[in-house]
Structures are given as structure tokens and as C-alpha cells.
Amino acid sequence: MRNRVELVVAACLLAGSGVAGADRLPGEPAGPARHSLSPSRSGSSTGWRMTACCTPASRASSGESRRARSGRGGECSRLWAVSLRFRVLGSGSSGNATLVEGHGTFLLIDAGLGPRSLAERLLSAGVDPASLAAVLVSHEHGDHARGAAAFSAKWGVRLCGSRGTYAAAGFGAVEIAGYDVLEAGETRGFGSVRVTSVPVPHDAAAPFAFVIASEGDRLGHATDLGHVNRSLVQAFRGCDAVLIESNYDPGLLRDGPYPWSLKERILGGEGHLSNGDVGRFLANGLGEACHTVVLAHLSQKNNHPELAGWRPRSPWAGAGAATCASP
Ligand SMILES: [Zn+2]
Ligand SMILES: [Zn+2]
């Protein structure tokens with residue numbers, strides 16, 4: 001049966017875009033629903049995203065009734081207490097970072113930007129860099145770990161990831177506030193949120209995807225993987241929201257400027273996901289709970305939001321929509 005995936009965008013706090021926000025800032029008390037539900041905005045990604053927009057009771061109802069209740073494209077009339085939010089601070093080869101908040105606990109997933117840029121983007125989101133509970137490092141590649149050590153040392157925030165990432169990133173040879181090892185499949189608590197690591201196939205030492213949970217709401221976060229493995233499907237099936245890479249369009253990659261060796265690496269089983277790979281996963285691999293999908297890590301040379309994002313004839317289009325994270 002086709003899964004229902006509904007995009008719920010809190011069109012707010014669009015960092016760097018100059019678009020006024022409608023969502024509440026961290027720490028601001030929850031009030032009446034002020035965010036809007038909107039169709040896909042390809043290329044826009046930086047607003048806080050909420051995992052749901054209806055009352056808790058409605059979560060057990062069908063996606064159809066949820067859509068009807070929320071009135072896609074209109075205002076949501078009720079807002080249940082948001083327990084998990086996330087915001088993409090950077091996406092793609094220029095640097096990846098995602099801020100996640102669960103009931104006042106802030107985590108950063110990846111630090112692929114310089115420490116100054118990271119701090120600026122956190123502050124623009126209203127978050128004190130020193131208040132982060134941890135920086136989760138998915139793997140050692142520069143676009144995910146470039147700023148991790150310096151950020152950790154400057155702001156006193158511990159890093160967390162696999163043993164392989166620790167060794168391959170050289171975190172043992174530089175000043176950092178500390179490093180917490182996550183074993184594959186382990187769940188660790190950070191304040192109000194729980195983090196579960198999910199091993200993924202990628203040409204790095206021991207790369208992880210993560211599932212972040214807060215009061216039963218779950219976000220699946222996966223960038224840089226060559227194929228969707230069984231572990232990821234199982235881990236993401238119960239997620240309310242998913243951020244996943246949609247790295248390349250095969251035609252653009254094939255005809256593009258990269259050397260063949262790099263094309264082979266990207267296309268390989270430990271490289272990156274194509275738009276088609278992600279489309280098939282969205283159509284078949286997600287559970288009924290998932291209503292928010294963000295496509296991340298789009299290649300600037302080998303992809304385009306119009307190709308990766310919502311498409312009328314894509315296999316999962318009838319189920320909903322996805323939006324693309326901007327760099
Ligand atoms: Zn990457
Ligand atoms: Zn990578």
C-alpha cells in the first residue's frame with residue numbers, strides 16, 4: 001500500500017532568506033497555531049520544522065483525515081505541544097549541519113561548516129552555541145566534520161559518534177571538549193532527547209544515520225549513504241519526520257564534469273543516493289506516521305531541487321510532497 005507522506009512546513013525563520021518567521025522562537029511559550037501549512041517550496045529549507053500540526057489524538061487517525069483536518073495550504077487550527085523540531089543550517093558539499101530541539105535540549109547533527117559560520121547560524125536561530133548538549137558527527141568527511149573540533153573546543157560542547165569516526169577524523173590529536181562513543185544501534189539520552197545510531201553504507205570509517213526521539217516523536221536523519229539498507233528502513237519506519245539525502249540525478253551525473261573515478265564512487269553502493277533511490281524509499285520504506293520529508297545534500301552540479309523534489313509523476317507524489325534543503 002502506498003504510504004502517505006505529507007509535507008508540513010513551518011514557514012518560519014527562514015535563515016538568510018529575509019523571510020519573516022511565523023513560528024515561535026526557542027523558549028517562547030506555545031500559543032495558538034501561527035504557522036502555515038504550505039506545499040513544497042523547492043530550495044527552501046531553513047525554517048523550523050515541526051513533526052505534526054494536529055492534536056495528539058489525531059495522530060492515530062489516517063493521513064487522509066489528518067490532511068483534511070489541517071487543510072493543506074491553509075492554517076492549522078490546533079497545535080499539539082511540539083516535542084521535536086529541526087532546522088537545516090547547512091546542506092550539501094559546502095557543509096552540513098542540522099539543529100534539532102526536543103523540549104529545550106539542543107543537538108547539532110554534523111559540523112561541516114567552520115566554527116564561526118556554525119555559531120552565526122545557531123545564533124540566528126536563537127540558540128546559544130554553548131547550550132548544545134552535543135554535536136553528533138555522522139562521519140569524518142569534511143563536509144560533515146570540518147568544523148567539529150574547533151567548534152567543540154571553542155564552545156565546550158562534546159562530540160559524539162562512532163569509534164571509527166573518532167579515529168578517522170583525528171579527534172584524538174586535537175583539542176576538543178570531549179568525545180562520546182556511540183556503538184552501532186545504541187541509544188543514548190541527551191537531556192530530553194534520545195539518540196539512536198544507525199549504521200549506513202558509505203565510504204567512511206563507520207558512518208551513522210541517527211534517529212532522534214523526544215516524547216514519542218521521532219526524526220530520522222540520514223545523509224551520505226550509497227543505498228538504503230535494512231537497518232535504515234527498520235529504524236526510519238516509525239519516524240514522524242525524515243531528512244534524507246537525495247544527492248544526484250543519474251543523467252546529470254553521467255553527463256557532468258566529474259572525473260569517471262568520482263562518478264563511480266558516487267554511483268557505488270557506498271557512495272550517495274540518487275533521486276530515484278530516495279523516491280523508491282519514500283514510496284515503500286516509510287511508515288504511516290511519517291508526514292514530513294526533507295531532501296538534503298543535493299549536489300550543486302549533479303542535481304536540482306526541481307528534479308529531486310516533489311514531482312507530479314514520481315512514484316510517491318500521490319502520497320504527499322517533499323521539500324529540498326538549500327545549501
Ligand atoms: Zn557529505
Ligand atoms: Zn561522506
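I count a residue as exposed if 12 or fewer other C-beta atoms lie within 10 Å of its own, and as buried if there are 20 or more. The model I am reading is predicted.

**Helix 2**

I began with helix 2, residues 115-124. I looked up its exposed residues on the face turned away from the buried side, and found R116 and L123 there. Then I listed the buried residues of helix 2: L118, R121 and L122. Viewed down the helix axis, these buried residues fall within an arc of 100°, so they line one face of helix 2. That fits a general rule: an α-helix has 3.6 residues a turn, so residues three or four places apart point the same way.

What do the buried residues of helix 2 pack against? I found strand 2, strand 3 and helix 4, the last at 148-155. After helix 2 comes G126, and its phi is positive, near 80°.

**The loop with S93**

Next I went to the loop between strand 2 (85-90) and strand 3 (97-102), where S93 is found. Is S93 buried or partly exposed? S93 counts as partly exposed, because it has 16 C-beta neighbours inside 10 Å. I also checked S93 against G142, which is 49 residues away along the chain. Their C-alpha atoms are separated by 8.5 Å.

**The seven-stranded sheet**

I traced an open sheet of seven strands. Its order is 8-9-10-11-12-13-14, and the pairing is mixed. In general, strands of a sheet pair through backbone hydrogen bonds, either parallel or antiparallel.

Which strands are at the edges? They are strand 8 (187-190) and strand 14 (323-324), and each pairs on one side only. Strand 14 runs parallel to strand 13, residues 292-296, and two bridges join them. Across this pair, L295 stands opposite C324 of strand 14.

**Two positive phi values**

Most residues other than glycine have a negative phi. I noted two residues that depart from this.

E215 is not a glycine, yet its phi is positive, about 50°. I placed E215 in the loop between strand 10 (208-214) and strand 11 (217-222). E215 has 15 other C-beta atoms within 10 Å, so I logged it as partly exposed.

D224 has a positive phi as well, near 65°, and is a residue other than glycine. I found D224 in the loop between strand 11 and helix 6, which covers 230-236. D224 counts as buried, because 27 C-beta neighbours lie inside 10 Å.

Terms used:
Residues are numbered from 1 along each chain as its sequence is written. Chains are lettered from A and ligands numbered from 1 in the order in which they are written. This is a predicted model: local features need pLDDT of at least 70, side-chain atom pairs count only at pLDDT 80 or more; totals for chains, interfaces and linings use all residues. Helices (H or I, at least four residues) and strands (E, at least two) are DSSP runs, numbered from the N terminus. Two strands pair if DSSP finds at least two bridges between them. The arc is that of the directions from the helix axis to the C-beta atoms. Two residues are in contact if their C-beta atoms, placed from the backbone, lie within 7 Å.
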